[in-house]
Amino acid sequence: MCGIVGYIGKQQAGPVILEGLRRLEYRGYDSAGICILADDAFQLRKRKGKIDEGLARLLQAQPLEGALGIGHTRWATHGPPSDENSHPHLDQRGRIVLVHNGVIENFDTLKNQLLADGHTFKSATDTEVLAHLVGVHYDRLEAQTQHAHPLTRSELPLLTQAVMEALREVVGTYGIAVLCVNQPGIMVGARRGSPLIVGVGDGENFLASDAAAIVAHTQKVVYLNDLDVVTLTIDDLKLDRLDDATARYEISALEFKPEAVELGTFPHYMLKEIYEQPRALENAIRGRLDLEEVTAKFGGLNMTNAELRGVERIVISACGTSWHAALTGEYLIEEFAHIPVEVEYASEFRYRNPPIDHGTLVLVISQSGETADTLAGLRESRRRGHKVLAIVNVVGSTIARESDGGIYLHAGPEIGVASTKAFTAQVSVLALLALLMGRIRMLSANRGRQFIQALQALPQQMSQALALNDQVKRIALKYQNAEDFFFLGRQYNFPVALEGALKLKEISYIHAEGYPAAEMKHGPIAMIDDQTPTVFVIPNGAMFDKTCSNLEEIKARKGPIIALTTEDKAADLARKAEDVIALPETLEPLFPLLAVVPLQLLAYHIAVARGCDVDKPRNLAKSVTVE
């Protein structure tokens, strides 16, 4: 949520920043702004609303000139969406300008102190308080410097010193970019709990909260750590630390190209990413199958087979779609490795005090690698001495860097707010982990070989599922005006029912619930009528007949039924359901990877038919970096 773009170089900064902000729209926002520093003056433009409807029009009427600037897309925390609450924000004297992601928890205390000193505020944001605080320290340091002996003066620019002094008073999270009228050759950035990266160019440098904003300009980046403070000039960067530790950085190469974040011929990023799933699945399993040993292998777990064999229990912590993938992983790992698994909401796990003994492995899952709740749970678990592994998509992300080991998804950038290909890749990786853990325990080579063959067949089968798009669209148009939906499945297909319901809620704003199919009669069945469709995930397998009985209960109450099944059961269900979507046959534990495709497409087509913005659904952000 929220986005930061900063530029210092020789180009006009305005177009570079505006392009970067557009690439960050997927993160979720309600307003946008840019400030350019040129000729010892700030040129500030900001507006509530979407970029093309507000900020871009303002820039056409009031162009910007200059090669140093910062920009921001805001997702409201303190203060409602408005022009005044939009970033960037100025300090009391108008000499400091600042953009900020995160939450300043003690802003009330700081604001009251500043008000008592005569400050006035134009917004309701915590960010303006921080801008004023930096300004106060800058004024104090400037006055001290004028009277200080040259040999006692700090080598750091005054703006960097002021930012560091201000941040030492702050409680909360932040990713910031700061400029000062009196220091037109530098830009300062800092982070704590909110992602910020430096883009290293040739005669130019960048700050951004997400690599997607700058990938068109450079492939070289520095991932900042918490408490890092960076000072950028046109041709240099200097790193300092708020905790006075030794500051170190390395320049990394981005693993994706600019075209990976382009829309191409698709009308929406979500649809593009749904169609990228066969390739995402291939990338997730590529090089990780050992056909000779009939097992999986990972290069980054940093655990030997003996250490893995010593794991007696696994706790998985995640949020949202990643939580649904984790729940699928629970079924897979318990089935194939016979290890007890518990799945925790990261937002609850971080505050609980669960008994975790020495034989427990903590596994965290996050697409972005920056999810605030998941990161907090990771840090608490490591503080207590537990081994923590991570499954993440974004290389160089905070969770990836702070875990003891882990697995990258290699799914490529995911722009659509509603996660699709990340779920597929996460479940694929968890399936591989279940195979590995099973083979070092009790899983036979025969069954392991069947599992590997089924995994290898999935990308092609997923392409077959995508070929059903037109059929799914017809079903979507039939039910686009429904006010409620149920999604039901049993065993492995319960988590994917939850995911189907979440997708529909996220992008179409239709109320939807996912349940284990047998739980309907324990209350929710009271909601069933002829206007409430139910989606059954009901493949051939051990639970087919039981789930059919649950289907009949819905049918008896005149509820319309959409059935997702395997091709061999389509004819049977055609006599019971209004609509049947037939998918290729696979091993029952892997069916969720196929079932999720028509569920995503169903949500997508319903949302489009209802006129919803599927890539930027209301109130949502792609990466939740604040609590």
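**View 1. I8 of strand 1 has L68 as its bridge partner in strand 4.** The model is predicted: local features need pLDDT of at least 70, side-chain atom pairs count only at pLDDT 80 or more, and totals for chains, interfaces and linings use all residues. Residues are numbered from 1 along each chain as its sequence is written, and side-chain values use heavy atoms, with hydrogens and water left out. Strands (E, at least two residues) and helices (H or I, at least four) are DSSP runs, numbered from the N terminus. Strand 1 spans residues 3-8, strand 4 residues 68-74. The two run antiparallel and are joined by 6 bridges. Two strands count as paired if DSSP finds at least two bridges between them. Further along, G6 is bridged to I70, and V5 to G71.

**View 2. Strand 1 is mostly covered.** Of its 6 residues, 6 are buried. Buried means under 20% relative accessible area, exposed means over 50%, and partly exposed lies in between (1.4 Å probe, protein chains only). G3, V5 and Y7 point one way from strand 1. I4, G6 and I8 point the other way. Strand 1 also pairs with strand 10 (residues 205-208), antiparallel, over 4 bridges. Here G6 stands opposite L207.

**View 3. Strand 4 is largely enclosed by the rest of the structure, because 7 of its 7 residues are buried.** L68, I70, H72 and R74 point one way. G69, G71 and T73 point the other way. In a regular strand the side chains alternate between the two faces of the sheet. Strand 2 (residues 31-38) is another antiparallel partner of strand 4, with 6 bridges between them. Within this pairing, H72 of strand 4 is the bridge partner of G33.

**View 4. Strands 1, 2, 4 and 10 belong to an open sheet of 8 strands.** The order is 3-2-4-1-10-9-11-14, and the pairing is antiparallel. Strand 3 (41-48) and strand 14 (252-253) stand at the edges. Each has a single partner strand, so one side of each is left without a neighbour in the sheet. Strands of a sheet pair through backbone hydrogen bonds, either parallel or antiparallel.

**View 5. P80 lies in the loop between strand 4 and strand 5 (89-90).** P80 is exposed, with a relative accessible area of 55%. Leaving aside neighbours within four places in sequence, P80 is in contact (heavy atoms within 4.5 Å) with R74 and N85. D30 is 50 residues from P80 along the chain, yet their C-alpha atoms are separated by 9.2 Å.

**View 6. Strand 17 (residues 313-318) is mostly covered, with 6 of its 6 residues buried.** R313, V315 and S317 point one way. I314, I316 and A318 point the other way. Strand 17 runs parallel to strand 19 (residues 360-366), and 5 bridges join them. In that pairing, V315 has V362 as its bridge partner. Strand 18 (residues 341-345) also pairs with strand 17 in the parallel sense, over 5 bridges. I314 stands opposite V341 in strand 18.

**View 7. Helix 7 (residues 277-285) has Q277, P278, A280, L281, A284 and I285 as its buried residues.** Seen down the helix axis, these residues fall within an arc of 160°, so they line one face of the helix. The arc is that of the directions from the helix axis to the C-beta atoms. Their cover includes helix 6 (269-275), strand 15 (289-290), helix 13 (421-439), helix 14 (445-466) and helix 19 (591-609). G287 follows helix 7, and its phi is positive, near 75°.

**View 8. The largest cavity has a volume of about 470 Å³.** A search of the whole structure finds 3 cavities of 30 Å³ or more. A cavity is a set of points, on a 1 Å grid over the protein atoms alone, where a 1.4 Å probe fits but cannot get out; lining residues have an atom within 4 Å of a point. Grid points are joined across faces, edges and corners, and a volume is the space filled by probe spheres set on the points. The largest cavity is lined by 31 residues. Y26, D210, A211, S368 and V394 lie nearest its centre. The lining divides into 15 nonpolar, 8 polar and 8 charged residues. Nonpolar covers Ala, Val, Leu, Ile, Met, Phe, Trp, Tyr, Cys and Pro; charged covers Asp, Glu, Lys and Arg; the others, Gly among them, count as polar.

Note on methods. 1 Å grid on protein atoms, 1.4 Å probe; cavity = no way out; pocket = protein on both sides within 12 Å on 5 of 7 lines; lining within 4 Å.
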